[in-house]
Amino acid sequence: MRVALFVACFNDALFPGTGRAVTALLERLGHEVVFPPGQTCCGQMHWTTGYQREAADLARRFTTVFAGHDAVVTPSASCAATVRAAYARIARADGDAELERAAAGLAVHELSEFLVDVLGVTDVGAYFPHRVAYHPTCHSLRTLRLGDRPLRLLRAVRGLELVELPAAEECCGFGGTFAMKNADVSVAMVADKVRHVRGTCADVLCAADNACLAHIGGALSRLRGGVRVMHLAEILAATGAPAAAGRS
């Protein structure tokens with residue numbers, strides 16, 4: 001299958017290793033990965049902060065850049081949720097029926113649902129001998145409803161010990177611009193999340209969104225918590241040679 005990678009601007013700017021991991025993983029599974037060079041932001045922050053016209057412009061660009069691909073895969077649950085759940089609303093708010101039709105015609109998948117639902121695989125040939133906890137980010141949990149797909153993939157990784165994260169479904173407090181507009185509340189929420197993470201004695205915390213991992217990872221690093229954060233894609237791409245690199 002020829003797969004278009006939507007890396008997401010946050011990953012492209014700050015965590016390029018995640019996009020490389022998705023590419024390595026899908027190519028290992030026998031698929032061709034292409035990177036449409038015209039991609040930019042999906043418009044999530046613009047839409048959620050009230051910049052409807054700017055969000056519509058970015059949505060139009062996205063639908064144009066990714067039109068015609070068999071599948072679009074992204075390692076960002078929040079961006080996948082924006083395209084699938086918000087683009088129709090953005091189009092209607094802008095009075096653009098063509099944009100609404102174009103958005104409906106896109107097949108945009110978050111990585112774990114693409115692997116499990118489209119490719120029908122859970123064992124991707126990964127090896128990662130570490131104790132791992134999984135944090136279900138809000139968009140992956142509540143909008144995409146990924147359910148246990150990431151957990152099924154993690155359980156199939158050789159050498160990996162999956163441990164339960166208490167209060168896993170509680171928000172980490174990032175929420176994009178929420179963390180900047182409501183800093184005190186955000187800090188209190190991530191403090192609770194970090195307490196639960198440290199209680200697992202995990203080596204690594206993973207998730208389907210690097211934005212949330214950056215938020216949690218920052219709090220862990222300030223506490224010298226001894227827990228690395230890694231995107232799910234990086235664990236699934238790991239084969240043990242060379243060892244996967246995490247962020248602390």
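Here is a walk through a few parts of this predicted model, starting with one helix and ending in the loops.

Let's begin with helix 5, which covers residues 77–93. With 17 residues at 1.5 Å a residue, it should span 24 Å, and its end C-alpha atoms sit 23 Å apart, so the two figures agree. Don't picture a straight rod, though: helix 5 has a kink of about 55 degrees, centred on Ala 86. Ala 86 is also one of the buried residues of this helix. The others are Ala 77, Ser 78, Cys 79, Ala 80, Ala 81, Thr 82, Val 83, Tyr 87, Ile 90 and Ala 91.

What do the buried residues of helix 5 pack against? Quite a list: helix 3 (44–48), helix 4 (52–65), helix 6 (97–104) and helix 8 (138–143), plus strand 3 (71–74) and strand 4 (108–110). If you follow the chain out of helix 5, just after it you come to Gly 95, which takes a positive phi of about 65 degrees.

Two of those packing partners, helix 4 and helix 6, also meet each other. Their axes come within 10 Å and cross at roughly 45 degrees. That angle is why helix 4 counts as oblique to helix 6. As for handedness, the crossing is left-handed. On the helix 4 side, the residues that meet helix 6 are Ala 56, Ala 59, Arg 60 and Thr 63. Their counterparts in helix 6 are Leu 99, Ala 102 and Ala 103.

Now jump along to strand 5 (residues 131–134), where you'll find Arg 131. Is Arg 131 buried, exposed or partly exposed? Its relative accessible area is 26%, so it counts as partly exposed. Leaving aside residues up to four places away in sequence, Arg 131 touches Glu 161, Val 163, Thr 200, Cys 201, Ala 202, Asp 203 and Val 204. Take Val 204 from that set: it is 73 residues from Arg 131 in sequence, yet their C-alpha atoms are 6.4 Å apart.

Cys 201, another of the residues touched by Arg 131, deserves its own look. It lies in the loop between helix 11 (183–199) and strand 7 (204–207). Its phi is near 60 degrees, a positive value in a residue other than glycine. With 55% relative accessibility, Cys 201 counts as exposed.

Ala 167 also has a positive phi, of about 50 degrees, although it is not a glycine. You'll find Ala 167 in the loop between strand 6 (161–163) and helix 10 (178–181). Its relative accessible area is 32%, so Ala 167 is partly exposed.

Definitions and conventions:
Residues are numbered from 1 along each chain as its sequence is written. This is a predicted model: local features need pLDDT of at least 70, side-chain atom pairs count only at pLDDT 80 or more; totals for chains, interfaces and linings use all residues. Side-chain values use heavy atoms; hydrogens and water are left out. Helices (H or I, at least four residues) and strands (E, at least two) are DSSP runs, numbered from the N terminus. The expected span of a helix is 1.5 Å times one less than its number of residues. The bend at a residue is the angle between axes fitted to the seven residues ending there and the seven starting there. Buried means under 20% relative accessible area, exposed over 50%, partly exposed in between (1.4 Å probe, protein chains only). Contact means heavy atoms within 4.5 Å. Axes are lines fitted to C-alpha atoms, for helices over the stretch in contact, and angles run from 0 to 180 degrees between N-to-C directions. Angles under 35 degrees count as roughly parallel, over 145 as roughly antiparallel, 65 to 115 as roughly perpendicular and the rest as oblique. A crossing is left-handed if the near helix is turned anticlockwise from the far one by less than a right angle, and right-handed if clockwise.
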